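Open the model in your viewer and get ready to pick out residues one after another. This tour tells you what to select next and what is there.

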Amino acid sequence: MNVVIENEHLRAGIKARGAELFTVFNKNTELEYMWSGDPRYWGKTSPVLFPIVGTLKDNLYVLDDHTYHLDRHGFAREMPFEPTLVRKDSVTFVLESNESLKTKYPFDFKLSLEYTLADNFLSVNYHVQNKGNTSMYFSIGGHPAFKSPLVEGTAYEDHVLQFGNTENTGRWPITSGGLIESNPVRFLENSDTIRLTKDLFREDALVLKQLRSNVVSLKSTAHPHGLDFHFGGFPFLGIWAARNADFVCIEPWCGIADSVTHNQQLVSKEGIERLGAGEQWSREWKVRFY
């Protein structure tokens, strides 16, 4: 089941499976902004990463002396969500824990994703509720893939990612097994711009931590169209594309893959979120399309 929401400026479509955004069409520019999901390259468009982001060492974690197995990015992206509160310009999708999921993730939770259109903005809100009587530990993140080039007849290399502030930051390499190296390598030095090339992601995603910026824009030197991606409140940012594919993922994360030195204890995992019994947690990312 797909749900379509729209307003005067935008039309967006979301699948119930994984609560996955798959289209954003701007009625004013007459442009589609989302990747097509071509399975020859990468069959997803905007998976939800929960209850982990990235890869666990040996695909397992330890909690209270019990060992649990979770595949990369967790299970939410493959699960059926229930659409609720369906309105013309907004919809909420809900996933709740069950006995089967507790064999992988032993917490009582309610995960809600709220998609809302306002003017030429799409907002995506994550709401996590701990329905249990003990503390809950989780990570969550977005993985939206934006079409690039945006306009037919232009090139991938015409596009750049431009941050809201000048950055001085390294990137944290990812091992062949999907883990995060202990030390960064030099990347942005007094710069606010990443130029897109098909070789940029040859060694997997660019993983950035604690940026000064809370917005990054996808722009082109060949036309005036693009998007502004706001990710305030997310301490990690991933940027990725499949080899030779015409998209770029801008990934806001509360959480990160295990480091090569991690002890596999969930409570001490880098970036892990702790939610007390009965508590709720929210984060939002939003995009302006032009």
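Which residues does Gly 43 touch, not counting residues up to four places away in sequence? Select Gly 43 and you will find Gly 37 and Asp 38 in contact with it. Keep in mind throughout that you are looking at a predicted model. Gly 43 sits in the loop between E4 and strand E5 (60-63), and it is partly exposed, with a relative accessible area of 47%. For a sense of distance, add Asn 130: its C-alpha atom is separated by 31 Å from that of Gly 43, and the two residues are 87 apart along the chain.

**The open sheet**

Next, select strand E1 (2-6) and strand E4 (31-32). Both belong to an open sheet of four strands, ordered E1-E2-E3-E4 with antiparallel pairing. E1 and E4 stand at the edges with a single partner strand each, so one side of each has no neighbour in the sheet. Now add strand E2 (residues 10-15), which pairs with E1 in the antiparallel sense over five bridges. To see one of these pairings, pick Ile 5 and look across to its bridge partner in E2, Ala 12.

**Around strand E22**

Move on to strand E22 (residues 280-289) and show it together with strand E10 (residues 121-130): nine bridges pair them in the antiparallel sense. Zoom in on Val 128, whose bridge partner in E22 is Trp 281. Then bring in strand E18 (residues 227-230), which runs antiparallel to E22 and is joined to it by four bridges. Here Asp 228 stands opposite Arg 288 in E22.

Stay with Asp 228 for a moment. Its side chain makes a polar contact of 2.6 Å with the side chain of Ser 217. Select Ser 217, and you are in strand E17 (residues 215-220). Is Ser 217 buried or exposed? Ser 217 is buried, with a relative accessible area of 9%. Leaving aside neighbours within four places in sequence, its contacts are Val 160, Leu 161, Gln 162, Leu 227 and Asp 228.

**A buried residue in a loop**

Your next stop is Thr 154, in the loop between strand E13 (145-147) and strand E14 (159-171). Thr 154 has a relative accessible area of 19%, which is under the 20% cut-off, so it counts as buried. Its side chain reaches the backbone oxygen of Val 151 at 2.6 Å. Beyond four places in sequence, Thr 154 touches Pro 149, His 159, Ala 222 and His 223.

**Into the core**

Now select Phe 50, Tyr 115, Ile 239 and Phe 247. These are the residues with the most contacts inside the largest nonpolar core, which has 93 residues. Strand E20 (residues 247-254) gives this core its largest share, six residues. Show what surrounds Phe 247: among the residues it touches are Trp 35, Trp 42, Phe 146, Tyr 156 and Trp 240.

**Two cysteines to finish**

Finally, select Cys 249 and Cys 254. Why is there no bond between their sulfur atoms? The sulfur of Cys 254 is the closest cysteine sulfur to that of Cys 249, but at 18 Å it is too far for a bond. Cys 254 is in no disulfide either, and a search of the whole structure finds zero disulfides. Cys 249 counts as buried at 0% relative accessibility, and Cys 254 is buried with a relative accessible area of 0%.

Methods
Residues numbered from 1 in each chain as written. Predicted model: local features only at pLDDT ≥ 70, side-chain atom pairs only at ≥ 80, totals over all residues. Heavy atoms only, no water. Core = buried A, V, L, I, M, F, W, Y, C linked by side-chain atoms within 4.5 Å. Buried < 20%, exposed > 50% of the residue type's maximum accessible area, 1.4 Å probe, protein only. Helix = DSSP H or I, 4+ residues; strand = E, 2+ residues; numbered from the N terminus. Contact = heavy atoms within 4.5 Å. Pairing = 2+ DSSP bridges. Polar contact = N/O pair within 3.5 Å; in protein donor to acceptor, adjacent residues only side chain to side chain. Disulfide = S-S within 2.5 Å.
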